Structure formats: C-alpha cells, structure tokens
Amino acid sequence: MIISMADILNDAKKQGYGVAAPNVFDSITVKACFETADKLKAPIILDCAGLPFLEETANIAKFYERKYPNVKAALNLDHGGSYEEIVSAIRFGFSSVMIDRSTLPYDENVREEIVKIAHVLGVSVEAELGHVGQGFEYEETRDSGLTVPKEAIRYVEETGVDCLAVAVGTSHGAYKGTPHLDFELLDELHHKISIPLVLHGGSGTGDDNLKKAVETGIQKVNLFTDLSNAGLKSMLAYMGIDWDNMQQDGSKGEFANMKANLCDAGIEAGKGYADLVDIRTCQGQIVGRIRRKSPWEKKGVNPWKTI
C-alpha cells in the first residue's frame, strides 16, 4: 500500500533502521522496487523527479500497489521546485513531496505554505537545509553547503516539515575525488533534531559509509546513479550479443527465434537495476537491516500483512 512517507520514516527512526529511496521513472523501475520490497518484506520509498514523469509514474505505482498489497511504500516527489510542480504531484496522488529551496538564502527557504497544504491532505513533506551539490565538483563544493545544526533546529520548528535532508559530505552523481562524510556533524544533527533525517547522494558513497550513516542517524537513503549504471551495463551486455549471426530455426516460430528488440533491451536494463536494489538490501546496507534487527525480523513475519 502507498502511505505517507512520514509514517515509514518515523518507524525507521524509532526502530533504528534505514529505508532505500530509489529514483523511479517508468514501469520497469517501479516494478523492480515493488518486487524487491515484497521479497524482502521491507518498506521502500519511490522517489520521482520532474513534471514529465509525475502523473505517469503515479499511475504505474498505483497499479503495482494493487499487485503487491503487502508492500508498504511511499511515493515521493524528489527535488520539488515550483509551487505548480509540488501541487501537481499532490493532485496526481503522491504521498509525499520534497520542497527543494536549498540553494536559496535561509529566509527564502523557510516558507511553510506547502507544508500547510500538504498536511491538510495527509501528504508528508521533505525539505533540504544546507546543499548537496554535484559529484563532478565535489572537491570544490563539498564543504560550502554543509548543514548548520542551529539553523536546522530553527528550520524544523518554523516549517513543520516531516523529514530533513541534511548535507554532511555527500554529492549527487559520480564523485570526483573520495567521498568524505562528516559523521560528527551527522551525529550532532541526529541528537538535536527530532524528525527523521535524509541522505541525498547515496550512489558512489560506498557501502561502509552508507552503513555508518544509517547507524549514526540517517533514516532515508536516496539512490539513482548506481542503479542507473547497473541498468545500462545490463542493457549494453544485451546489445553486445551478435544477433545477426545467431542460428535461427524456422520450426520454433516467430517468438522463439530471438532478435534484438527495444522491449527486451528495456527489460534487460530493468534486471540490472533490480539486481542492484536487491543486492543493496540483502547485504544489509540500507533497508531495515542496519542498526539492529527490527521487531518483525525477530518474529520472522511481515508486519504489513495486518495493516
């Protein structure tokens, strides 16, 4: 079922685990997330960014919500910009929205009108304070956007957001240089801020860093570049097959004689994406398997079956 992201993250904070938030944009990526969450009996957050994808992705998510009724998922607008984009996401059925004004001065970032609208409709709100930059300029910008704890405390009180994305040394995309997370800063933020914390730029950060980040107080880990690269690698392997010289057998019929086609190329890409989502969760890197065993793991049951 698709529910408020606040409900998922509040439980994660209470129980001491992290939840993966892969970026999704089509039926292949949405399906991969639901299948993996169902197999692992773990919650998951579907992040979707950009107006061209919002309505279609919301409809796809609702389809797989019906196919996997035991999966506890949130559908979150990632890096919401304009007022129109955020309201559109709410209208399309997103259960959470992110307000990203992290590049603006503090006084312009603190605007609570979206929070009021979203909460009336039962939609949770994520915001970012500090700024997580781009990996290609990591060495130049890593320190400039780190979250200031005093500002974060004030920001949460003034806006009423449900979770806060903090800048503690990660970047979006592939890193230029070695990721260096400020775990002392993260620990301070964890102890001073009552709401769940979000880590943007999970890809390329390294499994050990992600594990320690969750242990130190992160509840949501955003992922895309690593998943996208895994999908591309799988698709390229499919495209590298010598289809033109493959032995054909007329007795097998049209569909048994394989040829390169766009449909199968997309499916192969989805397999690579799904395999990495699965690996990340099964290895205990992110989803509900980090700080300690959650209550449902100890009992060996799926807690969402009775909800």
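**Helix packing and sheet architecture**

Tyr83, Ile86 and Ile90 in helix H4 meet Glu113, Ile114, Ile117 and Ala118 in helix H6. By class, this contact of H4 with H6 comprises 6 nonpolar residues, 1 charged residue and no polar residues. The model is predicted. H4 spans residues 83-92 and H6 spans residues 113-120. The two helices pack at an angle of about 10°. Their axes lie 11 Å apart. Angles under 35 degrees count as roughly parallel, and H4 and H6 are therefore roughly parallel to each other.

The strands form an open sheet. It has 8 strands, with parallel pairing. Their order is E1-E8-E7-E6-E5-E4-E3-E2. Strand E1 (19-22) and strand E2 (44-48) stand at the edges. Each of these has a single partner strand, so one side of E1 and one side of E2 are left without a neighbour in the sheet. From one strand to the next, the twist averages 25°.

Within the sheet, strand E3 (residues 73-80) runs parallel to strand E4 (residues 96-99). The pair is joined by 3 bridges. Gly80 has Ile99 in E4 as its bridge partner.

Further helices pack on the sheet. Helix H8 (residues 149-159) touches strand E5 (124-129) and strand E6 (163-166). The direction of H8 makes about 155° with that of E5. Helix H9 (residues 183-192) also packs on the sheet. H9 touches E6, strand E7 (197-199) and strand E8 (218-223). The direction of H9 makes about 150° with that of E7. Strand E6 is thus touched by H8 and by H9.

Technical notes
Residues are numbered from 1 along each chain as its sequence is written. This is a predicted model: local features need pLDDT of at least 70, side-chain atom pairs count only at pLDDT 80 or more; totals for chains, interfaces and linings use all residues. Side-chain values use heavy atoms; hydrogens and water are left out. Two strands pair if DSSP finds at least two bridges between them. Helices (H or I, at least four residues) and strands (E, at least two) are DSSP runs, numbered from the N terminus. Axes are lines fitted to C-alpha atoms, for helices over the stretch in contact, and angles run from 0 to 180 degrees between N-to-C directions. Contact means heavy atoms within 4.5 Å. Angles under 35 degrees count as roughly parallel, over 145 as roughly antiparallel, 65 to 115 as roughly perpendicular and the rest as oblique. Ala, Val, Leu, Ile, Met, Phe, Trp, Tyr, Cys and Pro count as nonpolar, Asp, Glu, Lys and Arg as charged, and the others, Gly among them, as polar.
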